[in-house]
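Student: I am new to this structure and would like a close look at a single part of it. Could you take me through the place where the two chains meet, and the charged pairs around it?

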Amino acid sequence: MAMSDTGGTLTRTWARLSLLRESPVGMVGAALVVFWVLVAIFAPVISPYGPNTNDLDALVDPSPNATHWFGTDMQGRDILARVIWGSRTVLTVAPVAVAVAYAIGCLLGLLAGYYRGWVDTLINRISDIILSFPAIVLYIIVIMRFGPSALNIILAVIFIATPQITRIVRGMTLDLREREYIAAAKMRGEPALYIMFVEILPNARGPLIVDACLRMGYTTIAIGVLGFLGLGLPPPTPDWGGMVKDSYALMSIFPHMALFPAAAITSLVVGFSLLADGMREISMRD
Amino acid sequence: MLAFFLKRLASLLFTMLVVSALVFAAFEFTPGQVATKILGPFSTQDQRDRLMEELGLHRPVYERYLEWLGNVLTGDLGYSTLYKVPVNDIIWDRLGNTLFLAMIAFAVMVPLSILLGISAGMREGSKLDRTISVGSIVTTSVPEFASGVFLASIFVIGLGWLPGTATLDQGAGWPIAAQLVLPVAVIVLYDLGYVVRMVRASMVEVMTRPYIRTAVLKGLTFRDVILKHALRNAMIAPFTVILLQINYMITGVVVVEAVFAYPGFGRMLLDSALSQDVATVQAASLFAVLVSVSTQIAGDLGYMMLNPRIRFS
């Protein structure tokens, strides 16, 4: 019974998603995101060089040429290769962080909205405190205190995104818990966790999918910003924000070093945002 | 109204107390590092112990927290190890510079986003609406450092019209007004989209109300319907959102200040964090949270005054 229910939900979600074809904006977004996902998956195949291979001959003239299409950086590393490998960095850190933040945020939001009372008050108070920090200040404190690494960046994103997701899920739970099918489930004597995760959460999925997609975009920006501020992944990991930071001072001589990674991160974030807008559009139709 | 204000004020004080404890605790797990940092890696354990005692770091955490809190409340923000001056001597100048930048950006962003939001929202689904909506999604999706790179390569490197840095230093040969153009442009581009979408959504909603239909049916021109009937009501909901942008502009402009070497509050926070200057980071974080919580309360109060139908209890 539960199995076929889940199967039905998945099919319906997929049917919804294929409606995206009717939103040109959403399709552009989907194309950009799919492009970068493919680039990240096939990085070893399509990358012309390793991300940290130094071509010392290229140091004489690092500008784009036939052997290095996007040029090289100040250490003779191929920019195209680093942009390609950099997509792997972003597309592992962001999904992991967003997924964990969603798991915790959904749980806390469901608990707060379903039980209300002191559980709600406690979760709200803690969320309020975290949300009172401007996000960038929290990022700086967390990374300064615990040091820059992929794991710490993921933890910082989770720490900052979770209360926001909790808020959204709580709000939707407060609304959905008054529905008749919830009363029916309670009457059947279903356990509270079953009601929360099988009855409430799937019915809140529309706005949550859109938010998750937008959040992937924000998280991509956050990873890039941390890299740009010198708080990102330690070198020599290829990281778009870090590439811009390393070459920003040289922009007046070799603008290509900063332009290509800046264009890469922009196209990925624009992709997530347009995809989210397309999905919002089709979910508002009914 | 007064009761609501007092309640919010109490919650502000409570939040600030918890935040101050968190900010203090974040850097207090390993006070030994402070001594190593000041004396260098080649100092002996004995030297470090003596310095720790001198600095009072051997006392229990809560005692040092209360002392620190007392100092902060009486206006002593500690000594900056990066700038080699008391934090008080640097933080106010930097806040002033950021406020200056924020005010200009705010003065450009608010009228522009209201104009775009109203134009998009007055005819939902029109070509103009789609263009503005998609355009605002795109501008908001460009990270500030990336739009800094794009704008700099056009206006600084390509055309040579503007300077690439905004150090507020007259000696660089560029007037301050020219230095501010790109930082303001980056802030406005990044921040604009969100406000435009809020104004648009509110406008779309107002345009479906019966009194708008009445105004149209009684023969008013479209212009009068928009200016005299729709505009004022459409501005209530986005008011809070607009006010919250002050918060972003004062505390969130770290990236813009880093891109253009602007001597502001955000850059001070970043530089002090990168060089482990704890006193400055703590003071700056407290200020950032204070600004953030205060603008939220101001937003709520303003919203309440604008919209008499809503009264918080």
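Tutor: Here is a walk through the meeting of the two chains, followed by the charged pairs and a few nearby details.

Please keep in mind that this is a predicted model. Let us start with the contact itself. On one side stand 38 residues of chain A, and they are in contact with 51 residues of chain B. The size of an interface is often given as the accessible area lost when the parts come together. For chain A and chain B that buried area is about 3,500 Å², and carbon and sulfur atoms give 79% of it.

Polar and charged links are found here too. The rule finds four residue pairs in polar contact across the interface of chain A and chain B, counting pairs with both residues at pLDDT 80 or more. Which helices of chain A supply at least two residues each to the side that touches chain B? They are α5 (117–131), α6 (135–146), α10 (205–228), α11 (240–248) and α12 (256–283). With 13 residues, α12(A) gives the most to that side. By type, the residues of the side of chain A that touches chain B divide into 26 nonpolar, seven polar and five charged.

Now for the charged pairs. Side chains of opposite charge can pair when their charged atoms come close. Over all chains the structure holds 15 salt bridges, and three salt bridges are found across the interface of chain A and chain B. In one salt bridge, the side chain of B:R197 meets that of A:D277, at 3.4 Å from N to O. A:D277 also meets A:R280 in a salt bridge, with 2.7 Å from N to O. Both A:R280 and A:D277 lie in helix α12 of chain A, three residues apart, which is about one turn of the helix. Is A:D277 buried or exposed? A:D277 counts as buried because its relative accessibility is 5%, under the 20% cut-off. A:R280, with a relative accessible area of 30%, is partly exposed. Salt bridges that share partners join A:D277, A:R280, A:E281, B:R130 and B:R197 into one network.

Helix α5 of chain A, which you met at the interface, also holds a partner in a salt bridge within chain A. There, the side chains of A:D128 and A:R167 meet at 2.3 Å, N to O. This pair links distant parts of the chain, with A:D128 in helix α5 and A:R167 in helix α7 of chain A, 39 residues apart. A:R167 is partly exposed, with a relative accessible area of 40%, and A:D128 counts as partly exposed at 31% relative accessibility.

Just along the chain is another detail to look for. A:R116 sits in the loop between α4 and α5 of chain A. Most residues other than glycine have a negative phi. The phi of A:R116, however, is near 50°, a positive value in a residue other than glycine.

Finally, a word on the partner chain. Chain B has 14 helices and zero strands. Its C-alpha trace spans about 90 × 55 × 30 Å along its principal axes. Of the 313 residues of chain B, 46% count as buried. Chain B has a positive phi of its own to find: B:A261, at about 50°, although it is not a glycine. Look for B:A261 in the loop between α12 (254–259) and α13 (265–274) of chain B.

Key. Residues are numbered from 1 along each chain as its sequence is written. Chains are lettered from A and ligands numbered from 1 in the order in which they are written. This is a predicted model: local features need pLDDT of at least 70, side-chain atom pairs count only at pLDDT 80 or more; totals for chains, interfaces and linings use all residues. Side-chain values use heavy atoms; hydrogens and water are left out. Contact means heavy atoms within 4.5 Å. Buried area is the accessible area (1.4 Å probe) that two parts lose on being put together, summed over both. A salt bridge is a side-chain nitrogen of Lys or Arg within 4 Å of a carboxyl oxygen of Asp or Glu. A polar contact is a pair of N or O atoms within 3.5 Å; within protein, one must be able to donate a hydrogen and the other to accept it, and residues adjacent in sequence count only if both atoms are side-chain atoms. Helices (H or I, at least four residues) and strands (E, at least two) are DSSP runs, numbered from the N terminus. Ala, Val, Leu, Ile, Met, Phe, Trp, Tyr, Cys and Pro count as nonpolar, Asp, Glu, Lys and Arg as charged, and the others, Gly among them, as polar. Buried means under 20% relative accessible area, exposed over 50%, partly exposed in between (1.4 Å probe, protein chains only).
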